[in-house]
Structures are given as C-alpha cells and as structure tokens.
Amino acid sequence: AAQINSQPVDLILVDPNTPPEYAETFGRKTKVKVVTAPSSVADLPGATSYSSVFDNVIKVLKSSAPPR
C-alpha cells in the first residue's frame, strides 16, 4: 500500500478472476478506486477477438478514471 500511495495512481485495474478480498484490500488500504475489467475473450460476453478485450479495457479505464 505504501508504494501505491507514494505514486500518482488514479485507479487499480483487476480482472474478474482476482479474489474479491484482494480488490477490497487494495481499495481500503490505498483509498484508490478499484475497477474490474475482463482480461480474456472468454470473460467478456460477445467478444470475438483479443482486440475486443483491449477495446473494452480502454472503455473501462476511460469511464472510471477521474477527469484531468
């Protein structure tokens, strides 16, 4: 937590397979918003390619990050 808190971190990105207690602990100890985004084609409904997974990650990041 100290390392994260010493950096300008806007959010922490985890995938759906990350144990919920890890994400909760990250958020609680760092006060940084934790966001979940699928990291594989199988985890993203309607995805047909790995590039669609990246498109989704970008969409999640854009909608979750604070304005600059």
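**Lys-31 and its surroundings**

Let me begin with Lys-31, which counts as exposed because its relative accessibility is 72%, above the 50% cut-off for that class. Please bear in mind that this is a predicted model.

Where does Lys-31 sit in the chain? The residue belongs to the loop that connects helix H2 (20-30) with strand S2 (33-36). Its backbone deserves a remark: phi of Lys-31 is near 65°, a positive value in a residue that is not glycine. The side chain of Lys-31, for its part, has a polar atom 3.1 Å from the backbone oxygen of Arg-28. As for position in space, the C-alpha atoms of Lys-31 and Leu-11 are separated by 9.3 Å, with the two positions 20 residues apart in sequence numbering.

I turn now to Thr-30, a residue of helix H2. Is Thr-30 buried or exposed? Thr-30 counts as buried, because its relative accessibility is 6%, under the 20% cut-off. Leaving aside residues up to four places away in sequence, Thr-30 touches Ala-1, Ile-4, Asn-5 and Ile-12.

Leu-11 brings us to the nonpolar core. Which residues make up the largest one? There are five: Leu-11, Val-35, Ala-37, Val-57 and Val-60. In soluble globular proteins, nonpolar side chains tend to be buried together. Within this core, Val-60 touches Val-35 and Ala-37, and Val-60 also touches Thr-36, when residues up to four places away in sequence are not counted.

To close, I would set two residues side by side: Lys-31 is exposed, whereas Thr-30 is buried.

Methods
Residues are numbered from 1 along each chain as its sequence is written. This is a predicted model: local features need pLDDT of at least 70, side-chain atom pairs count only at pLDDT 80 or more; totals for chains, interfaces and linings use all residues. Side-chain values use heavy atoms; hydrogens and water are left out. A nonpolar core is a set of buried Ala, Val, Leu, Ile, Met, Phe, Trp, Tyr and Cys residues joined through side-chain atoms within 4.5 Å. Buried means under 20% relative accessible area, exposed over 50%, partly exposed in between (1.4 Å probe, protein chains only). Contact means heavy atoms within 4.5 Å. Helices (H or I, at least four residues) and strands (E, at least two) are DSSP runs, numbered from the N terminus. A polar contact is a pair of N or O atoms within 3.5 Å; within protein, one must be able to donate a hydrogen and the other to accept it, and residues adjacent in sequence count only if both atoms are side-chain atoms.
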